[in-house]
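Student: I would like a close look at one part of this protein. Please take the salt bridges and work outward from there.

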Amino acid sequence: MNTKNLVALALLVGMGAVLHAVVPGFFLGMKPDMLLIMMFLGIILFPEKKSVLLLALASGVISGLTTTFPGGLIPNIIDKPITAFAFFGLFLALSKLKKSIVTVAILTVVGTFISGTAFLTSAYLIVGLPGPFAALFAAVVVPAAAVNTIVMIVLYPIATSIVKRTNPAADQAIKIGQ
């Protein structure tokens, strides 16, 4: 992992932290996790195990520190590595397909559902939930998946064109499976 990749990953996590911090909690202290979008984007742009681990740990801690969910630090730290490596595995499994905006959008929806399930399950086991699992999933995770997908559809083409222009070697990382 080179310095350029680390800087790019740090920028993605930083932007995700700002997005996550400014989005208010709206249902029983829960809010959509906007940091997921940046974590997913980082995995897509830099699909390496080290990058995924770094993104997962940084995203988990920052997301946990900025959450409005009571006792949400530990569930966020548990959720992000599970989500990151599940997303990474799905990304690699689908890398044989032509990577398009549709594939990235589907991965974003599935990744958000995995994250929501992992977070709610770990929160239930550690601190308890402020409401029924199904209600929290329907009121927070499903809308978050929709918002995350829309934002990813906008950001993905922009990010890939920037990475292609700034780092010709990254062109290989972006073109996995093409």
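Tutor: Start with K80, which is buried, because its relative accessible area is 0%. The cut-off for buried is under 20%. Keep in mind that this is a predicted model.

What does K80 pair with? One partner is D33, in a salt bridge whose closest N and O atoms are 2.5 Å apart. This pair links distant parts of the chain. D33 sits in the loop between α1 (3-22) and α2 (35-45), while K80 belongs to helix α4, and 47 residues separate them. Is D33 buried or exposed? D33 is buried, because its relative accessible area is 11%.

K80 also forms a salt bridge with D79. Here the closest N and O atoms are 2.7 Å apart. D79 counts as buried too, since its relative accessibility is 1%. The salt bridges share partners, and they join D33, D79 and K80 into one network. Why can such groups pair at all? Side chains of opposite charge can pair when their charged atoms come close. A search of the whole structure finds 2 salt bridges.

Now step back to the fold. The protein has 7 helices and 0 strands. Along the sequence the pattern reads α-α-α-α-α-α-α. Of its 178 residues, 45% count as buried.

Next, follow α4, the helix that holds K80. How does α4 lie against α3? The axes of α3 and α4 come within 8 Å and cross at roughly 150°. Over 145 degrees counts as roughly antiparallel, so that label applies to α3 and α4. The crossing of α3 past α4 is right-handed.

α3 also houses L54. L54 counts as partly exposed, because its relative accessibility is 38%. L54 and L6 are 48 residues apart in sequence. In space, their C-alpha atoms are 9.2 Å apart.

Turn to the surface. A nonpolar patch there covers about 980 Å². Its residues are V61, L65, L73, I74, I77, I78, I82, Y124, L125, I126 and V127. Three elements give two or more residues each: α3 (49-65), α4 (73-93) and α5 (101-126). Which of them gives the largest share? That is α4, with 5 residues. So α4 has two entries in this account, because it carries buried K80 and also supplies residues to the nonpolar surface patch.

One member of the patch deserves its own look: Y124. Y124 is found in helix α5. Is Y124 buried or exposed? Y124 counts as exposed, because its relative accessibility is 54%, and the cut-off for exposed is over 50%.

Finally, take α5 itself. Its neighbour in this description is helix α6, residues 133-166. The axes of α5 and α6 come within 8 Å and cross at roughly 150°. These two helices are therefore roughly antiparallel to each other. α5 passes α6 in a right-handed crossing.

To recap the part you asked about: D33, D79 and K80 form one salt-bridge network. D33 is buried, D79 is buried, and K80 is buried.

Technical notes
Residues numbered from 1 in each chain as written. Predicted model: local features only at pLDDT ≥ 70, side-chain atom pairs only at ≥ 80, totals over all residues. Heavy atoms only, no water. Patch = residues over 30% accessible without salt bridge, like charges linked within 9 Å, V, L, I, M, F, W, Y side chains within 5 Å. Areas by Shrake-Rupley, 256 points an atom, 1.4 Å probe, with all protein chains shown as cover. Salt bridge = Lys/Arg side-chain N within 4 Å of Asp/Glu carboxyl O. Helix = DSSP H or I, 4+ residues; strand = E, 2+ residues; numbered from the N terminus. Buried < 20%, exposed > 50% of the residue type's maximum accessible area, 1.4 Å probe, protein only. Axes fitted to C-alpha atoms, helices over the stretch in contact; angles between N-to-C directions. Parallel < 35°, antiparallel > 145°, perpendicular 65-115°, else oblique. Left-handed = near helix turned anticlockwise from the far one by under 90°.
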